Structures are given as structure tokens and as C-alpha cells.
Amino acid sequence: MKLFRHGPAGAEQPGLIDANGILRDLTGVVADIGPATLGPDSMARLAGLDTSDLPVVPADRRLGPCVGGVGNVVAIGLNYADHAAEAGLKPPSQPIVFNKHTGSISGPHDDVWLPPGAAKLDWEVELGIVIGQRAFHVSEAQALSHVAGYCLVNDVSERAYQMELEGQWVKGKSYPTHCPIGPWLVTPDELGDPQAVDLWLDVNGVRRQTGNTRTMIFGVATIVSYLSRFMVLQPGDVIPTGTPPGVGMGHKPPLYLKAGDVITLGGLGLGEQRQRVVDSPAR
């Protein structure tokens, strides 16, 4: 299945793409696509629906984040050896873990805000894991059974905040609109092998990132198992898994986003996103 959420920001409604590619409204079937509906029983019920009588979602309807009620965004850094190299950093021997504030989550086509005075706003196309069942001290063999699905993530990063200020990366990763997710939550049976997903990202129509999840240092099962040693992963948690090379920071000289730039990105089976960079309303 491919699930989604649609409608005004903060008031999104659940939806499902039917076998003919038509976007159908799930209002009245489930309250939302979120923690309460991501477990195997609920997902099996949605998979078995006769969708022919469900309302069609208008083509011009805004698409929201594909998961609502997200409790945590727990991200993995430097998870592609070639990206670590472009950043001038040694590939890690264990997953690098950091957080993005949940207030950074936005829809796949919403504007990305340029913080006041920010000069090093960067892009990162990533495969996102969405947890469906509580995961605590799970083995790698068990890990994938705790995954409800996958989504596309743009891990937008302000590099000066991330790298040049004291403290942890979270400050450079958490500005509002800096975590577009979606358009779809794609179930594991729909996506297939999560370690065979092509990823790409363009800025103003110029290809900047091309990669495949097969070159991840730590795969999906390893990441879920590893994180579950240190925390209880809950339904609805989102885990961006790292980005392939081609981020702005890695260019020589570096390339960073400015107001008016357009970012487009996609993943095989995951859909596409499109964002315009605009000045933050906080100015």
C-alpha cells in the first residue's frame, strides 16, 4: 500500500492510493495515518479494503506529512562512505545518531524556510523508516517486522548551526519546515528491498545527488536493532537513514540554498517532493 495525508497543515486527513493509482480519502475509516493505525492488524485491515466507494481526493489538494503524531525523529548521520568522504570525515564504526525536533516536520511540497541570517542551508535526500510496532532490544533478524513502511525525507540542514556552534547537531537540523516527509508511506511489501532504492535530488533543475541505499554503511535492519538497544522505538517514530554524496557542503566551493531556489527529490517507489526556499516568516 501507499498511504498519505491530505488537507490543510495541522488538519490533515488520511488517504490511500488504490490499485489504479487513484488517491482515495480514508476519513471515516481511520482517524489518521499515525501511531494508532501503523500496527500490523490495522494495516492489514486497510490493505483489505474495497476502495471503489471511497471518495476521490481532488488533484489540487495539499499533501501533508505522510505520518501524523510523530513522537520522535531519530536520524542517522554519515551513513554513506562517499558522503563521509566529501564531508572530510572518517566513516563511522557505529551509527551516528542525532535528533530532529518534530516541529521541523512538513509536507512534501511545502515551502522550506530560510532562517534569518542563515547562509549555509543544505539539502539531503534520504530513505526514512517509519516504525509500526514498539521495538526494544530487537535483533537484526526481528528488526524489519517492527517497520510499518518507508518514506522519502529531505533532511534539510543549516550547516553553520550544525557544525560551527557548540553542542550537538540538533540545532542545525530542527528549524520549522526542515524535515519534509512523504508524499507516501510505502509499506514494506510495496517497496521491496529497502537496500535497493535509487535516490536523487536536483536544485533548480540541476542534478546534485544520485545514490542507492545499497551503499549504506548500516542497513535498515542494523539501524532499527542498534537504536532499540538505547531507546524504545514507538509506532510513528521516523528514522531518516543518511544521505548519499552530493550535498551542498561537499561541493568545491560549497553550494548552499538561497531564497527562490527549488529543490526536487525522489526515490524509486517512494514518490517525489518539490520545495521552494523562502525567507522565514520570523524575519
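This report walks through a predicted model, looking at its spaces and at some of its charged side chains.

**An open space and a closed one**

Let us start with the largest pocket, which holds about 160 Å³ of space. Its lining is made of 16 residues, and Pro40, Met43, Val147, Ala148 and Pro188 are the ones nearest its centre. Three elements each give two or more residues to this lining: helix 1 (40-47), strand 10 (147-154) and helix 5 (188-191). Helix 1 gives the most, with 4 residues. If you sort the lining of the largest pocket by class, you find 9 nonpolar, 6 polar and 1 charged.

Now for the cavity. The structure holds 1 cavity of 30 Å³ or more. The largest cavity has a volume of about 120 Å³. Around this cavity sit 18 lining residues, and those nearest its centre are Leu78, His83, Glu124, Gln162 and Trp169. Strand 4 (73-77) and helix 4 (159-164) are the elements that give two or more residues to the lining of the largest cavity. Helix 4 gives the most, with 3 residues. By class, the cavity lining has 8 nonpolar, 5 polar and 5 charged residues.

**Charged pairs**

Side chains of opposite charge can pair when their charged atoms come close. In this model the count comes to 13 salt bridges. Here are three of them, with the distance between the closest N and O atoms.

| Salt bridge | N to O distance |
|---|---|
| Asp32 and Arg5 | 2.7 Å |
| Glu124 and Arg159 | 2.7 Å |
| Lys173 and Glu124 | 3.3 Å |

Take the pair of Asp32 and Arg5 to begin with. Asp32 lies in the loop between strand 3 (23-25) and helix 1, while Arg5 is in strand 1 (residues 2-6), so the pair links distant parts of the chain, 27 residues apart. Is Asp32 buried or partly exposed? Asp32 counts as partly exposed because its relative accessibility is 21%, and buried means under 20%. Arg5, at 7% relative accessibility, counts as buried.

Next comes Glu124, which you have already met beside the cavity as one of the residues nearest its centre. Glu124 forms a salt bridge with Arg159, and the two are 35 residues apart, with Glu124 in the loop between strand 8 (121-122) and strand 9 and Arg159 in helix 4. Glu124 also meets Lys173 in a salt bridge. Lys173 sits in the loop between helix 4 and strand 12 (179-180), 49 residues from Glu124.

How exposed are these three residues? Glu124 counts as buried because its relative accessibility is 5%. Arg159 is buried too, with a relative accessible area of 3%, and Lys173 is buried at 2%. Salt bridges that share partners join Lys100, Asp122, Glu124, Asp155, Arg159 and Lys173 into one network.

**A buried charge without a salt bridge**

Finally, look at Glu126, found in strand 9 (residues 125-131). Which side chain of opposite charge is nearest to Glu126? That is Lys173, 5.5 Å away, and Glu126 is buried yet has no salt bridge. The reason is the cut-off: a salt bridge needs a side-chain nitrogen of Lys or Arg within 4 Å of a carboxyl oxygen of Asp or Glu.

What does the side chain of Glu126 reach instead? One contact is with the backbone nitrogen of Thr241, at 3.3 Å. Another is with the backbone nitrogen of Gly242, which lies 2.8 Å from a polar atom of the Glu126 side chain.

Notes:
Residues are numbered from 1 along each chain as its sequence is written. This is a predicted model: local features need pLDDT of at least 70, side-chain atom pairs count only at pLDDT 80 or more; totals for chains, interfaces and linings use all residues. Side-chain values use heavy atoms; hydrogens and water are left out. On a 1 Å grid over the protein atoms alone, a cavity is a set of points where a 1.4 Å probe fits but cannot get out, and a pocket is an open set with protein on both sides within 12 Å along at least five of seven lines; lining residues have an atom within 4 Å of a point. Grid points are joined across faces, edges and corners, and a volume is the space filled by probe spheres set on the points. Ala, Val, Leu, Ile, Met, Phe, Trp, Tyr, Cys and Pro count as nonpolar, Asp, Glu, Lys and Arg as charged, and the others, Gly among them, as polar. Buried means under 20% relative accessible area, exposed over 50%, partly exposed in between (1.4 Å probe, protein chains only). Lys and Arg count as positive and Asp and Glu as negative; His and the chain ends are not counted. A polar contact is a pair of N or O atoms within 3.5 Å; within protein, one must be able to donate a hydrogen and the other to accept it, and residues adjacent in sequence count only if both atoms are side-chain atoms.
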